[in-house]
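Visitor: Could you take me through how the strands of this model pair, and then through the surroundings of a single residue?

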Amino acid sequence: MPSFDETPLRDRHFDDYRPGDGGTYGPVEVTESAIVGFAADFDPHTMHLDPLGAADGPFGGLIASGWHTTAVMMRLMVDNFLNERTSLASPGVDELRWHLPVRPGDLLRARFTVLEARPSRTKPDRGIVRTRIEMLNQRDEVVMSQVMMNLIRRRA
């Protein structure tokens, strides 16, 4: 069986995810306009929305919403880690943490590490993969982390 890295994303199934597998993908630059745009639509707090108002806030300037950082991670996950055709759903996320603020100009990368991959006990056509996900900035600081579970289709 080819290794995780040797299996093209479009061909990846549950059987290709083994503990220790993963990779780091990105970077994605987080711009001021993207921070403000996301905040205007989804998280309209001054610290995310108004550069001048944010200067007087607890972070001393504009920062991205944690949900914006999580959305960037999701894009990197779909583009690089999970095959959309075989990824069936996610029953949830554990241990979601926002460790450091993300600021305009930060370059984010997502590091995925498979923690566990086990066949479903009730549905033999799929398995459950638990993955540690860390978002790193350009200084290799972890700005966000979580453990995500995904239901992934097995090969026929």
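Visitor: How many bridges join strand 1 to strand 3?

Guide: In this predicted model, strand 1 covers residues 22–29 and strand 3 covers residues 107–119. The two strands run antiparallel, and one of the pairs sets Gly22 opposite its bridge partner in strand 3, Thr113. The number of bridges joining strand 1 to strand 3 is 6.

Visitor: Which residue in strand 4 stands opposite Arg118?

Guide: Strand 3 also pairs with strand 4, residues 126–136, in the antiparallel sense and over 10 bridges. A hairpin of 6 residues provides the connection from strand 3 to strand 4. Within strand 4, the residue that stands opposite Arg118 is Ile128.

Visitor: Is Glu141 buried, partly exposed or exposed, and why?

Guide: Glu141 is placed in the loop between strand 4 and strand 5, the latter spanning 142–153. Its relative accessible area is 30%, and because buried requires under 20% and exposed requires over 50%, the class that applies to Glu141 is partly exposed.

Visitor: What separation is found between the C-alpha atoms of Glu141 and Leu108?

Guide: Leaving aside residues up to four places away in sequence, Glu141 touches Leu100, Met135 and Leu136. Along the chain, Glu141 and Leu108 are 33 residues apart, while their C-alpha atoms are separated by 9.8 Å.

Visitor: With which side chain does the side chain of Glu141 make a polar contact of 3.1 Å?

Guide: This contact links two side chains, one of them belonging to Glu141, at 3.1 Å. The partner that supplies the other side chain is Arg139.

How values were computed
Residues numbered from 1 in each chain as written. Predicted model: local features only at pLDDT ≥ 70, side-chain atom pairs only at ≥ 80, totals over all residues. Heavy atoms only, no water. Pairing = 2+ DSSP bridges. Helix = DSSP H or I, 4+ residues; strand = E, 2+ residues; numbered from the N terminus. Buried < 20%, exposed > 50% of the residue type's maximum accessible area, 1.4 Å probe, protein only. Contact = heavy atoms within 4.5 Å. Polar contact = N/O pair within 3.5 Å; in protein donor to acceptor, adjacent residues only side chain to side chain.
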